[in-house]
Amino acid sequence: MALTLASRRTTRRLAADAGLLVVAAAFVLPLAWVGLSSLDSHADLRVKAPDGLTLDNFDAILTSEITFTPLLNSLVLCGSATLLTVVCAALAAYPLSRFRSRFNRPFLLTILFATSLPITAIMVPVYALFVQVDLIDTTHGTVFFFTASQLPFAIWLMKNFMDGVPKELEEAAWTDGASSLQSLIRVVLPLMGPGVAVVTVFCFVMMWGNFFVPFMLLLTPDQMPASVSINDFFGNRGMVAYGQLAAFSLVYSTPVILLYVLIARRLGGGFALGGAVKG
C-alpha cells in the first residue's frame with residue numbers, strides 16, 4: 001500500500017514537471033527565436049542556430065525613419081500618458097481610500113466594470129468625437145485617450161495600495177498644519193512607493209504594446225509609435241523580413257526592460273509600516 005502511494009506521488013510529480021516544462025517551452029521558444037533570428041541573415045519562422053552570426057539586421061533597422069523616430073514617439077506618448085494616469089489615479093484614489101461615503105462602493109464597481117469594456121467597442125464613437133473636437137491625428141489627443149483607458153484599473157490598484165497606509169500618519173501631519181494635498185504628497189505617496197511603481201509599470205507596458213489606439217487616432221506617418229511602425233516589416237504577398245523584425249523587436253523591448261530594472265528596487269520593497277503607529 002505504501003509503495004503504491006509513493007508510486008502515485010512520483011507519477012503526479014513527473015506529470016507536474018512535464019506540464020511545467022511545456023509551459024516553460026511556450027515562453028522560451030519565442031524568445032529564443034527572436035534572439036537567434038536577429039543575428040541570422042536568412043531567418044525564417046524556424047527556431048534554428050544562425051548560419052553565421054551577423055549584425056546586418058541591426059544595421060538595417062537602426063535608422064531614424066525605421067527605429068529612432070517611432071521609438072521617440074512611443075516614449076513621448078506612453079511616458080506622458082503614464083505620468084498623467086498615475087497623477088490622476090492618485091488624486092482619485094485618495095478620497096476613495098480616506099473618506100467613507102455611500103457612493104464609494106457603486107463608484108468602485110463602476111470603475112471595475114469599465115476595466116472590462118473592450119477598447120474596440122468604443123473606438124468608433126471615440127474616433128467620431130475626436131474628429132468633432134479636432135483631436136484626431138494629435139499626440140495630446142492620443143495621450144488623453146490612453147490616460148482615460150488606463151485610469152479605471154489604475155484607480156482601483158492605487159486605492160488598494162493606499163488603504164495599506166495608516167491614517168494615523170496623516171493625522172500627525174495634519175496636526176503639524178499640513179493640508180490634505182500636502183499629506184498625500186509628503187506622507188502617503190512616499191510610503192506606498194511599491195504601489196506607485198506597480199501602477200506605473202502596468203500602465204506603461206499596456207500603452208507601450210498598444211497597436212490599435214494609435215493606429216486609429218494618428219494618421220501622419222511621422223507621428224506613428226513603434227507599436228504601429230513594426231507592421232511595416234510585414235510586406236506584401238506574405239513577404240516578411242524576419243531577421244529585421246526580430247532585431248526591431250529586441251530594440252523595441254529595451255525601454256520596457258530598462259523601466260522594470262530601474263524600479264525593481266521599489267517593486268521588491270515593502271511598505272515598512274509595522275511599527276509606524278506604535279507608541
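In this predicted model, helix H3 and helix H9 (193-208) each supply at least two residues to the lining of the largest cavity. The greatest contribution to that lining comes from H3, which provides 3 residues. The full set of lining residues is Ser74, Leu77, Cys78, Phe146, Met207, Trp208, Pro225 and Ser227. The space enclosed by the largest cavity amounts to about 30 Å³, and the count of cavities of 30 Å³ or more comes to 1.

The enclosed space may be set beside the open one. The largest pocket holds about 350 Å³ of space. Its lining consists of 14 residues, of which Thr115, Leu117, Ile119, Ser149 and Gln150 are the closest to the centre of the pocket. Two or more lining residues come from each of helix H4 (104-115), helix H5 (119-132), helix H6 (139-162) and H9. Among these elements, H6 gives the most to the lining of the largest pocket, with 6 residues. H9 thus takes part in both linings, since at least two residues of the cavity lining and two or more of the pocket lining belong to this helix.

From these spaces the description turns to the surface. Leu83, Val87, Leu91, Leu181 and Ile185 make a nonpolar surface patch of about 490 Å². Two helices, H3 (64-98) and H8 (180-191), each supply at least two residues of the patch, and the largest share, 3 residues, is that of H3. Val87, one of the patch residues, has its place in helix H3. With a relative accessibility of 41%, Val87 counts as partly exposed, because that class lies between the 20% and 50% limits. Helix H3 therefore appears in two settings, as a contributor to the cavity lining and as a contributor to the nonpolar patch.

A database record adds a further layer. In an unreviewed entry, the UniProt annotation "transmembrane region" covers residues 14-36, 71-94, 106-130, 142-158, 196-219 and 239-263. Two of these spans may be compared with the model. Residues 14-36 are 100% helix and 0% strand, and the C-alpha atoms at the ends of this span lie 31 Å apart. Residues 239-263 are 88% helix and 0% strand, with 39 Å between the end C-alpha atoms.

The charged side chains complete the account. Across the whole structure, 3 salt bridges are found. In one of them, the side chains of Lys48 and Asp40 meet at 2.8 Å, N to O. Asp40 is classed as buried because its relative accessibility is 2%, and buried means under 20%. Another salt bridge joins the side chains of Asp44 and Arg46 at 2.9 Å, N to O. Arg46 counts as exposed because its relative accessibility of 54% is over the 50% limit. A further salt bridge links the side chains of Asp163 and Lys159, with an N to O distance of 3.0 Å. The two partners of this bridge fall into separate classes: Asp163 is partly exposed, with a relative accessible area of 36%, whereas Lys159 is buried, with a relative accessible area of 15%.

Terms used: Residues numbered from 1 in each chain as written. Predicted model: local features only at pLDDT ≥ 70, side-chain atom pairs only at ≥ 80, totals over all residues. Heavy atoms only, no water. Patch = residues over 30% accessible without salt bridge, like charges linked within 9 Å, V, L, I, M, F, W, Y side chains within 5 Å. Areas by Shrake-Rupley, 256 points an atom, 1.4 Å probe, with all protein chains shown as cover. Salt bridge = Lys/Arg side-chain N within 4 Å of Asp/Glu carboxyl O. Helix = DSSP H or I, 4+ residues; strand = E, 2+ residues; numbered from the N terminus. Buried < 20%, exposed > 50% of the residue type's maximum accessible area, 1.4 Å probe, protein only. UniProt positions renumbered as here; feature names shortened; annotations may be inferred. 1 Å grid on protein atoms, 1.4 Å probe; cavity = no way out; pocket = protein on both sides within 12 Å on 5 of 7 lines; lining within 4 Å. Points joined across faces, edges and corners; volume = space filled by probe spheres on them.
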